[in-house]
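Please examine the structure shown below together with its sequence. The explanation that follows begins at a single residue and then proceeds to the place where two chains meet.

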2 protein chains.
Amino acid sequence: MDLDFIQRLIKPTETKIVLLVLDGVGGLPRESGGLTELEAAHTPNLDDLAARGICGLQQPVGPGITPGSGPGHLALFGYDPIKYQVGRGVLSALGIDFKLTPQDVAARGNFGTVDEKGRVADRRAGRIPTEKNKELCALLREIELPGVELFIETVKEYRLLLVLRGEGLSGKVVDTDPQEIGEKPLEPKPLSPEAEETARLVREFLGQARELLADHHPANMVLLRGFSKRPHWPQVKDVFGLKAAAIAAYPMYRGVAQLVGMHVLDTGDRVKEEFGLLEDRWNDFDFFFLHVKRMDSAGEDGDFDRKVALIEEVDAQVPRLLELEPDVLIVTGDHSTPSLLKYHSWHPVPVILWSRHCRADEVDRFGERACMAGGLGPRIPAVDLIPLALANALRLEKFGA
Amino acid sequence: MDLDFIQRLIKPTETKIVLLVLDGVGGLPRESGGLTELEAAHTPNLDDLAARGICGLQQPVGPGITPGSGPGHLALFGYDPIKYQVGRGVLSALGIDFKLTPQDVAARGNFGTVDEKGRVADRRAGRIPTEKNKELCALLREIELPGVELFIETVKEYRLLLVLRGEGLSGKVVDTDPQEIGEKPLEPKPLSPEAEETARLVREFLGQARELLADHHPANMVLLRGFSKRPHWPQVKDVFGLKAAAIAAYPMYRGVAQLVGMHVLDTGDRVKEEFGLLEDRWNDFDFFFLHVKRMDSAGEDGDFDRKVALIEEVDAQVPRLLELEPDVLIVTGDHSTPSLLKYHSWHPVPVILWSRHCRADEVDRFGERACMAGGLGPRIPAVDLIPLALANALRLEKFGA
């Protein structure tokens with residue numbers, strides 16, 4: 001469904017929708033034939049919800065595609081993640097809560113090592129510690145460029161964010177990171193005439209950076225990629241008629257929510273705090289995106305048991321949410337993160353959609369295999385969930401007479 | 001599948017397909033955990049057919065989209081309902097069996113109320129009775145416009161149909177219905193140069209109508225929308241190679257069938273009569289669309305038990321149909337109409353496809369939850385059913401060598 005198509009069907013209604021995202025909740029059995037993390041977890045509240053709701057497995061981007069956090073969430077927000085792509089520079093900024101203005105061009109940067117001939121010897125400068133990164137960023141802030149304001153921010157280890165702020169800048173500049181050892185960094189060439197000035201400024205920045213970093217081997221170079229401006233996308237208020245709030249402790253998720261026009265609430269990072277904030281602000285919005293991060297981190301650490309425990313921690317909070325009496329509740333993840341793989345994966349993600357009108361199926365358990373047999377099917381595209389939520393919230397008009 | 005793609009695969013064969021549409025058959029349980037109307041109905045014949053066929057739930061338009069009768073049927077006829085859209089004026093004409101010619105521009109009209117400043121005070125003129133509508137339409141027939149023939153027809157209550165018939169008319173005219181109380185009716189502006197003459201004629205019509213209706217408060221204005229010409233779409237004879245007949249008691253369904261080139265048969269509105277007509281004309285066509293309306297009306301009335309009884313009435317006729325020995329039989333609805341919601345809904349619709357070659361699944365019951373587990377899946381797009389029916393009728397060539 002096009003956003004345009006949905007937008008024409010929106011009708012204003014006083015109903016509330018909650019999208020509860022358990023980051024990386026989908027998993028795999030520890031050994032063949034065993035239980036996944038979610039199946040192993042004791043989740044009486046989510047199981048009860050599954051029994052009363054319609055279930056399935058949702059596919060965030062496409063068959064076999066492992067989503068990053070950006071695409072995984074955009075799909076859950078109803079935005080086709082292949083159509084609505086965010087530049088790496090912008091994602092980097094979102095990831096550290098850097099507020100981009102419409103004037104900004106952002107790039108993701110690496111501190112790297114170049115040899116005496118100027119060829120890249122290490123794209124990550126031996127993974128320098130974050131403290132060293134901060135020191136070097138402070139140094140780089142000495143750089144001045146005519147007519148633009150410059151922001152140089154530490155992300156983590158060897159990663160940094162570069163933002164140029166000024167009139168008439170463009171993101172259409174070639175990456176300088178050659179992504180190959182033994183190659184020289186590339187020239188920041190403009191990809192279109194309107195980017196000539198930006199490319200010139202980036203070249204100037206890199207020249208000064210090289211001089212400032214010369215004595216800081218292995219971090220003696222900055223490699224840049226993903227030059228991009230903050231995109232201007234349709235906003236949830238307009239396309240879905242939703243006054244939406246995001247409750248998310250980590251910057252990346254707050255940032256993606258902001259791109260689609262959600263109001264980002266300040267929250268602590270404990271699950272209890274997030275659910276408490278939902279209660280506090282219940283009357284102020286008609287859509288809540290509630291993001292719980294840490295089971296993804298447990299999956300990435302390969303810690304099956306910790307992931308199980310974190311899922312159980314969320315389950316214990318579900319009754320608080322139900323007491324608020326949402327009209328529609330969706331529980332799912334933005335992707336799978338099997339602790340077996342220690343990484344995001346392509347596996348579709350269990351989903352429950354509950355409403356008074358959902359037409360419950362026979363699934364009575366929130367787990368990968370149980371949800372396969374659900375009424376939403378074993379591969380419903382994640383982007384289809386918001387139109388379904390809107391329908392269940394009685395927020396869509398009939399199409400055609 | 002594009003119609004073009006299917007068309008290239010068509011081969012002539014002497015097989016017969018029946019599409020039995022139970023309007024609004026899909027439903028919801030009266031209370032959470034209970035049975036739907038279809039599940040509650042005693043349907044031994046449809047259950048037996050389900051056991052021998054392949055079942056599923058079909059999605060008429062898209063996830064969360066509640067279809068009107070037009071889109072719901074077009075999808076069942078194999079036409080993408082988002083691509084093949086019918087203007088409201090044309091749908092209005094179809095709904096009262098008004099035969100549109102290629103020269104006609106049709107608009108849906110409301111009798112409305114305007115205040116002394118010409119602002120809309122009531123878009124439905126206090127829902128005047130149909131008798132009053134007929135009286136006013138007779139009055140409006142006094143209007144004469146140069147060079148065009150004018151048709152003004154009562155639909156129901158405050159609704160009427162306006163048709164202009166003449167050379168060079170266009171449907172590209174702005175709605176005059178502002179759809180907001182307190183606004184003045186809009187000017188019927190042309191949306192493209194070829195509609196200038198049509199817009200001028202509509203303006204002239206509205207001016208005369210205002211004078212004629214001046215003393216008929218609350219029905220002192222006509223508001224028009226959905227100016228449109230009868231679309232010229234690919235015909236089922238050409239794209240599917242089918243000599244198709246429609247057996248439908250209600251004008252709207254006959255009209256939509258006619259748009260895709262079906263031959264519309266005259267029938268009474270009793271279920272028995274419709275099945276009798278199918279028997280009578282069995283040798284004359286190779287595709288029959290048989291439409292049973294009244295369970296939709298029961299759903300819209302919120303009458304669970306009447307809907308159950310009507311489903312049972314259709315079930316009792318099924319053996320007559322089977323005795324004709326169709327090669328392929330599809331049983332489904334054009335949308336769900338849960339008596340709980342008293343309205344069309346977005347829920348996917350149970351479907352049985354039976355043929356000698358259908359590869360039966362394990363479903364042995366025609367009901368929402370039973371069909372979820374069927375071989376067609378829980379969300380097969382409705383447009384996919386005709387290609388499947390053609391295949392099962394051995395009417396499609398192999399694709400590629």
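In this predicted model, a convenient starting point is B:L341, which belongs to the loop that runs between two strands of chain B, β11 (328–332) and β12 (349–355). When neighbours within four places in sequence are set aside, B:L341 has contacts with residues of two chains: A:H357 and A:L394 in chain A, and B:L28, B:W346 and B:H347 in chain B. Another leucine of chain B, B:L388, is separated from B:L341 by 47 residues in sequence, and their C-alpha atoms are 31 Å apart in space.

The contacts of B:L341 with A:H357 and A:L394 lead to the interface as a whole. Chain B contributes 35 residues to the contact, and chain A contributes 28 residues. Between the two chains an area of about 2500 Å² is buried, and carbon and sulfur atoms account for 65% of this area.

Specific pairings across the interface may be considered next. There are 2 salt bridges between chain B and chain A. One salt bridge joins the side chains of A:R359 and B:E368, with a distance of 4.0 Å from N to O. In addition, 7 residue pairs are in polar contact across the interface, with both residues at pLDDT 80 or more.

On the side of chain B that touches chain A, the elements that supply two or more residues are α4 (69–76), α5 (88–95), α13 (368–372) and β13 (377–381). By residue type, this side of chain B consists of 18 nonpolar, 12 polar and 5 charged residues.

Terms used: Residues are numbered from 1 along each chain as its sequence is written. Chains are lettered from A and ligands numbered from 1 in the order in which they are written. This is a predicted model: local features need pLDDT of at least 70, side-chain atom pairs count only at pLDDT 80 or more; totals for chains, interfaces and linings use all residues. Side-chain values use heavy atoms; hydrogens and water are left out. Helices (H or I, at least four residues) and strands (E, at least two) are DSSP runs, numbered from the N terminus. Contact means heavy atoms within 4.5 Å. Buried area is the accessible area (1.4 Å probe) that two parts lose on being put together, summed over both. A polar contact is a pair of N or O atoms within 3.5 Å; within protein, one must be able to donate a hydrogen and the other to accept it, and residues adjacent in sequence count only if both atoms are side-chain atoms. Ala, Val, Leu, Ile, Met, Phe, Trp, Tyr, Cys and Pro count as nonpolar, Asp, Glu, Lys and Arg as charged, and the others, Gly among them, as polar.
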